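I opened this model to look up how some of its helices pack and where a handful of single residues sit. These are my entries, in the order in which I made them.

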Amino acid sequence: MKKNQIVNFWIEKMATLQEGVGYVDQKPVHVKGALPGQKVEVRISRNRDHHAEGKLLSVLEKSEFETSSFCNHYGECGGCSLQTLPYSAQLEMKKDWICGLLESHLPVEVFKDIEFTGVLPSPKQLAYRNKMEFTFGNAFKGGETNLGLHKKGQFGSVITTDHCQICDSDFMVILSAVLEFFKKRGVEHYNKFSHEGILRHLVVRKGEKTGEILVALSVARPSAEDLSSFVDLVTGLKLQGEIVGVLYVENTGKADAVSGEPVVLYGRDHYYDEILGLRFRISLYSFFQTNTSGAELLYQTAFDGLEDIRGKYIFDLFSGTGTIAQLLAQRAKRVVGIEIVADAVEAAIANAAENELSHCEFRAGDVLEILDHYEGHKPDVIVVDPPRMGIAQKALEKIVAFGAPEILYISCNPKTLAENLSMMALAGYQPVKVTGVDMFPHTSNCETICWLRRRGGNEE
């Protein structure tokens, strides 16, 4: 095989949930976006010693397991790559993926003692997202302004995704109205290469339980456009929910992400939602699970697997806005939450006060640094819910050094979970049980819960 050579072959298995694998002249070829059972046309992009990589050009024959897509944007949008597979098949693929990662990273004697219970389905398979970050851009150079998600495989291109099926229907109403508003006025979108233009992002967040909606407009530089008319447009829309805040963010950073200090144009800078009976205040940048009903399933499942926590001290590391800490504080003697994002800690403190919870405290700072100087009561249980990159080695060493009898690990990236578990196993922790929770139907992501016990810990 040579670079740029076009080849046709069948996809036989998945390397990850994003990459299918087929064989050309007995050499494995990894193809992003391909599914098992498909016959594909692929352009070879890299030819390495032991495998090749290719770009999917077209699906020549569908897998016998595939169904019709449910979204008008499928194939063009880069999201929901698994949507043509029956949902039961998606869950089975995610189960095999998680199990394979654990088996490949853990010693045989550790892996064989894990109870793996598969992947729990999301309570909602459509319209489950409570937050969307849409981008202004165009599909091709010189094209009209679009508002939506990036085109599949083309991070510099944006398509208007006004029929997205995985977010709330109110989001589509807001997206369409805002796009039309600025197109009529000739306001240009920001170009990430030339750094010219104004419009960058539209963020929409909604409380599933409360119906409250927060809208934020991100721009590269101030526009001459009267923003009061923008507010009138958004607040005048006929929606199922209620607009409680409209924000404006001047975003001067080069990265394709929303940043900058929000300015309130209307209402307030936050909205509220509820999880398992507790109420949470959520601002523009607050971390909050994007699938609310899925989060309830995730947390309830995680807590049900713990031993009785009444009278126990708990660490909640990477605590975000304190959702887990507050849910546990209803039963535990004391919960200490640690989070590096100061705004999230402020929100956690406010949320705890709102929920009248006095058994939890929150500390702002790096997990490693705070644990390194911690002089309080040793934890009986440690809960970790780290970002996608997992827990850094030094921080993990500090965590296991506390010797807590139980550790609950909630992961949004099974790969880094498996990597962390291999070190935790060497430090004397046995993964007892693993359960996946599908918080992101039709995508290649999955949350995973792992309960660990310190070997010999219950005998002390």
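**Entry 1, H1 and H10.** I looked first at the crossing of H1 and H10, which is right-handed in this predicted model. Their axes lie 9 Å apart and make an angle of about 30°, and because angles under 35 degrees count as roughly parallel, I noted H1 and H10 as roughly parallel to each other. On the H1 side I listed Trp97, Ile98, Leu101, Leu102 and His105, which meet Pro414, Lys415, Ala418, Glu419, Leu421 and Ser422 of H10. Sorted by class, the residues of this contact between H1 and H10 come to 7 nonpolar, 2 polar and 2 charged.

**Entry 2, H9 and H10.** I then turned to H9, which spans residues 393–401 and packs against H10, residues 414–426, at an angle of about 45° with the axes 11 Å apart. That angle makes H9 and H10 oblique to each other, and I recorded their crossing as right-handed. Which residues of H9 and H10 meet? From H9 they are Gln393, Leu396, Glu397 and Val400, and from H10 they are Asn420, Met423 and Met424. I counted the contact of H9 with H10 by class as 4 nonpolar, 2 polar and 1 charged.

**Entry 3, H3 and H4.** How are H3 and H4 oriented to each other, roughly parallel or roughly antiparallel? H3 (residues 169–185) and H4 (residues 227–235) pack at an angle of about 150°, their axes being 10 Å apart; since an angle over 145 degrees counts as roughly antiparallel, I wrote H3 and H4 down as roughly antiparallel. The crossing of H3 and H4 is right-handed. Ala177, Val178, Phe181 and Phe182 of H3 meet Ser229, Phe230, Leu233 and Val234 of H4, and by class I found 7 nonpolar residues, 1 polar residue and no charged residues in that contact.

**Entry 4, the two ends of S14.** Strand S14 covers residues 270–275, and histidine 270 belongs to it. I noted histidine 270 as buried, because its relative accessible area is 9% and the cut-off for buried is under 20%. The side chain of histidine 270 is joined to that of aspartate 269 by a polar contact of 2.8 Å. Setting aside residues up to four places away in sequence, I found histidine 270 touching Leu214, Val244, Arg281, Ile282 and Ser283.

Isoleucine 275 also has its place in S14, and with a relative accessible area of 1% it is buried. Beyond its neighbours within four places in sequence, isoleucine 275 is in contact with Phe280, Phe288, Thr292, Ala295, Glu296, Tyr299, Thr323 and Leu327. I also checked isoleucine 275 against valine 336, which is 61 residues away in sequence, and found their C-alpha atoms 20 Å apart.

**Entry 5, histidine 30 and arginine 43.** Histidine 30 lies in strand S3, residues 27–32, and it is buried with a relative accessible area of 19%. Leaving out neighbours within four places in sequence, I listed its contacts as Ala15, Glu19, Gly20, Val21, His51, Ala52, Glu53 and Gly54.

Arginine 43 is in strand S4, residues 39–47, and is partly exposed, with a relative accessible area of 32%. Apart from residues up to four places away, arginine 43 touches Asn4, Gln5, Ile6, Glu53, Gly54, Lys55 and Leu57. Histidine 359 stands 316 residues from arginine 43 along the chain, and I recorded 58 Å between the two C-alpha atoms.

**Entry 6, positive phi values.** Most residues other than glycine have a negative phi, so I looked up two that do not follow this. Asparagine 4, which is not a glycine, has a positive phi of about 75° and is found in the segment before strand S1 (6–14). Asparagine 4 had already come up as one of the residues that arginine 43 touches.

Where is cysteine 80 placed? I found cysteine 80 in the loop between strand S5 (52–61) and helix H1 (87–105), with a positive phi near 50°. At 11% relative accessibility, I counted cysteine 80 as buried.

Definitions and conventions: Residues numbered from 1 in each chain as written. Predicted model: local features only at pLDDT ≥ 70, side-chain atom pairs only at ≥ 80, totals over all residues. Heavy atoms only, no water. Buried < 20%, exposed > 50% of the residue type's maximum accessible area, 1.4 Å probe, protein only. Polar contact = N/O pair within 3.5 Å; in protein donor to acceptor, adjacent residues only side chain to side chain. Contact = heavy atoms within 4.5 Å. Axes fitted to C-alpha atoms, helices over the stretch in contact; angles between N-to-C directions. Parallel < 35°, antiparallel > 145°, perpendicular 65-115°, else oblique. Left-handed = near helix turned anticlockwise from the far one by under 90°. Nonpolar A, V, L, I, M, F, W, Y, C, P; charged D, E, K, R; others polar.
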